[in-house]
Structure formats: structure tokens, C-alpha cells
Amino acid sequence: MGERSDILVIGAGVSGLASALCLLERGRGVRVIDAGRVGGGSSHGNCGTLTPSHAGPLHAPGMVAQALRWMFTPDAPFYVRPRLDPSLWRWLLRFAARCNPRDWAASARPRAAILQASREAFPAWIADHGLHCEFAEPGADCVFRDAAQLEAYARLLPALQEMGIASRLLDGREYLAGEPALREGVAGAVHFPGDAQLRPDRYVAELARAVVAAGGVVETGCEASGAEALADGVRVATSLGERRARDVVLATGAWSPLLARSLGLGWLRGAMQPGKGYSITYARPSRVPRRPLTLYERKICVTVWEDGFRLGSTMEFCGHDASLNRRRLLALERGAAEYLHEPVGPVKREEWYGWRPLCWDDLPIIGRAPGHRHLWLATGHGMLGVSMSPATGRLLAELVTGQVPHLDPVPYSPERFA
């Protein structure tokens, strides 16, 4: 028999580590395993923005028409690589069916709830655990060069306001007067004072340190290849031998459907697709924005840290293709150059890609796996795993330990797919 744990968390990304830390806080013993290194997946290349302002899901009204226009543009912000993949096309049909005002609001409300719960928790979460990750609370701005797109976006702001997400609309002249990093031609911007930022790679590394300091174990280079439900727990086959646990938390992001298949959770592949994102990190330019930016028409995020500068985003549906698509990296730089005087830094430090776990309703999957007493899921966070991490960890730990959840768990429950 292999090693036995109280709780085994599979996945040392931001959701797995946040869940592990919250479980340790509630007195449970935790071992975290990962096939690679700590934070080696989408947690690493994230732009590090903490964004209740992103409560609106991807399946916005009009998204289908936009996606169709982008189908033959390989460097478009949202691109589906043509291929024969029935599960992808079924997923896209479900996604497309939700591109209407009613389903947009149905996903936006629970997204806002978990984003705001996390945003409110971050200052104490970081202070209590001594997480050194360049956390700051400057707000964030969404910048427009097209007045018509700004006007359309502004129509969504009252709905966000009803969910508690404050904003301020600024005209282009006013905005440029206070943001000299931007080029002329800005039609306007929306400022979200409640947003924040951190350095994501350092945040995840600090979470791992906090897990170990709290008595947990983090084991890297330990790939889980299959799992079997037992009467008193779960047995997991790994590259370093068998691991057993009373409870298992599956937090492997976009890879979750592959491992879940051995546990009879075939529905997870239909619920989730890997959305490939890209980022480029540079040494800090001499002229940088005061706050994190979303360059709206190009769907590019710009984040500045003490000694770094990152361009990120884009969404490519190409399965788990592991090639670095240089065309999409160049699109980040080209798009940023439309808005910024200095769109790149003096030294390019890293080119990155990773897969975001996207559900067709654009909500995370948090809770007990249907048909299993001892298997739990914390995955499906799309592009917002870092933003949602404190509330994800807390909600998962509350459900596992039988505490009253601080959020209504129903919108995130795996039961909605089974």
C-alpha cells in the first residue's frame, strides 16, 4: 500500500493550493501533488489582476457573431482552430446558446459573488499568511479607441452596479490627461476602483510556502495517472507510487477531464474545454500605465510590477496543442502598440502559453463530484483562477468539512453538469 493522507489535493496551482491552505486552517491534514512544479500551469502566466469588474461571462450577447467573424483570423482574440473534435463542437454549441441577456445575467451574478468575496478577503488573506506578492489596490481601467464599442460596453455598467461593482466612465480627453502612457486616439475609459493586482508567480509560490508552514506537504514531479474510488476513500496511481486518501480534491485546471475519466466523470470533458492563453513578460519600460489596463478592442491585459511588465490574454481553442504560436505573441505586441507609447519593455524575459479551464457557462466547478463520497472538484475557473482563489479555497473547505458555506454553493456545483 502507498502513502495515505487525510486529504490529497491533485494540482499545485492557485486553486489547489488555496484549497489546501483553507483545509489546513480547518484542522485537516493535506498533501498536495503536482506533475510538474508549483504554479506551472495557467497560474504562472496570468496577468495578476483581481477583477470583480470581469463578472460578465464570455458568452455575452453578440459573441457568436463576433466569433464567426474571427474564425478565419488565426491571431484574433477569440479563435477556434478548425478541426474534427465532436466534444469541442458540442461545447461551443452550448456556449453559443448562452449568448443572450438572460443567460449572461444568470452567470454574471454568481461570478460577481465569488469574485467580490475573494476581493474582500485578499487583504487579510495576504496579511495573515505573510504572502509577499506585490499586492496593490489601484483599481483597473478598461480603455477604448472605438466610441461605439465604449457606448455598447457602458450599457452593461448598470447591471454590474446592481451586483455591487462600482465604475466610473471617463471621456478620452479626461483620461489621457491623467494617463500619459497612452497614445492619442482614446475614445474613453471605464475605471473600476474595486479591482486590484498582484504578482501571480510570487503569489502561488507564497501559497505553497504557507501550506508547508501550516503543516501540509507539497510534492512536485508526482504525476497522477488514474484514480479509483474505495469504500473509505480514493486510491490514486502516480509516477512516484500509489497514494491513498480519505478525500481527494481534483484541482488540475484544464487537465481535470483527462484524470476524471478514470473515475467515471466523463461529463467533465463535455463541460470544460482548454482555452489556450498567451503572455509576454518584459523588463519594465520607462513609461508605464498607472493602473492595470484592459485594451478592449484587442482584448489585451497590461500589468506593471516593481520590476516587470506583462502583456497577456487571447483565447485559442486548439486542444492541448503544446506549440508556441508566435503569430499570437506578435498580435499582443502589435495590439498594445495601438494604445501605448511604450508597448514593450527593453528586455523580453519570458514568452508563455497555458491552458485555461473554461466551462460553457463560464462558472467554476466547486464541490463534491456526483456519485462520489470522497472526491471533490475545484476547477473550471477560466481566466479568473487567481481572482477567485481565496473564496474558492474557503468554499471548498467549508463543503468538505461540513461547515455552513459563506457563498451559495449551488451555482458552482458539479451537479449542474452530471
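Buried means under 20% relative accessible area, exposed means over 50%, and partly exposed lies in between. The exercises below apply these terms to a predicted model.

**Exercise 1. Two sides of helix α4**

Task: Check the length of helix α4 (residues 86-97), then state which of its residues are buried and which are exposed on the other side.

Solution:
1. The expected span of a helix is 1.5 Å times one less than its number of residues.
2. Helix α4 has 12 residues and should therefore span 16 Å. Its end C-alpha atoms are 17 Å apart, in agreement with that value.
3. The buried residues of α4 are Ser 87, Leu 88, Trp 91, Leu 92 and Phe 95.
4. These residues cover an arc of only 135° around the axis, so they are on the same side of α4.
5. Leu 93 and Ala 97 are exposed, on the other side of α4.

**Exercise 2. Packing of α5 and α13**

Task: Classify the arrangement of helix α5 (residues 101-129) and helix α13 (residues 389-401), and sort their contact residues by class.

Solution:
1. Two packed helices are described by the angle between their axes and the distance between the axes.
2. For α5 and α13 the angle is about 100° and the axes are 6 Å apart.
3. Angles of 65 to 115 degrees count as roughly perpendicular. Helices α5 and α13 are therefore roughly perpendicular to each other.
4. On the α5 side, the contact is made by Ile 114, Ala 117, Ser 118, Ala 121, Phe 122 and Trp 125. On the α13 side, Ser 389, Pro 390, Ala 391 and Thr 392 take part.
5. Sorted by class, the contact of α5 with α13 has 7 nonpolar residues, 3 polar residues and no charged ones.

**Exercise 3. Positive phi outside glycine**

Task: Lys 299 and Asp 362 have a positive phi without being glycine. Locate each residue and decide whether Lys 299 and Asp 362 are buried, partly exposed or exposed.

Solution:
1. Phi is about 55° for Lys 299 and near 55° for Asp 362.
2. Lys 299 is in the loop between β14 (293-295) and β15 (300-304).
3. With 28% relative accessibility, Lys 299 is classed as partly exposed.
4. Asp 362 is in the loop between β17 (348-359) and β18 (365-368).
5. Asp 362 has a relative accessible area of 7% and is therefore buried.

**Exercise 4. Surroundings of three buried residues**

Task: For Gly 48, Thr 281 and Pro 289, give the accessibility. Then list the contacts of Gly 48, Thr 281 and Pro 289, leaving out residues up to four places away in sequence.

Solution:
1. Gly 48 lies in the loop between α2 (42-45) and β3 (49-50). Its relative accessibility is 0%, so Gly 48 counts as buried.
2. The contacts of Gly 48 beyond four places in sequence are Ala 196, Gln 197, Leu 198 and Pro 200.
3. Thr 281 belongs to strand β13 (residues 272-282) and, with 4% relative accessibility, is buried.
4. Outside the excluded neighbours, Thr 281 touches Phe 309, Arg 310, Val 347, Lys 348, Arg 349 and Glu 350.
5. Pro 289 is in the loop between β13 and β14. A relative accessible area of 5% makes Pro 289 buried.
6. With the sequence neighbours again left out, Pro 289 touches Glu 179, Ala 181, Val 302, Val 304, Phe 309 and Leu 340.
7. Phe 309 is touched by Thr 281 and by Pro 289.
8. Between Pro 289 and Arg 349, 60 residues apart along the chain, the C-alpha separation is 19 Å.

Definitions and conventions:
Residues are numbered from 1 along each chain as its sequence is written. This is a predicted model: local features need pLDDT of at least 70, side-chain atom pairs count only at pLDDT 80 or more; totals for chains, interfaces and linings use all residues. Side-chain values use heavy atoms; hydrogens and water are left out. Axes are lines fitted to C-alpha atoms, for helices over the stretch in contact, and angles run from 0 to 180 degrees between N-to-C directions. Helices (H or I, at least four residues) and strands (E, at least two) are DSSP runs, numbered from the N terminus. Angles under 35 degrees count as roughly parallel, over 145 as roughly antiparallel, 65 to 115 as roughly perpendicular and the rest as oblique. Contact means heavy atoms within 4.5 Å. Ala, Val, Leu, Ile, Met, Phe, Trp, Tyr, Cys and Pro count as nonpolar, Asp, Glu, Lys and Arg as charged, and the others, Gly among them, as polar. Buried means under 20% relative accessible area, exposed over 50%, partly exposed in between (1.4 Å probe, protein chains only). The arc is that of the directions from the helix axis to the C-beta atoms.
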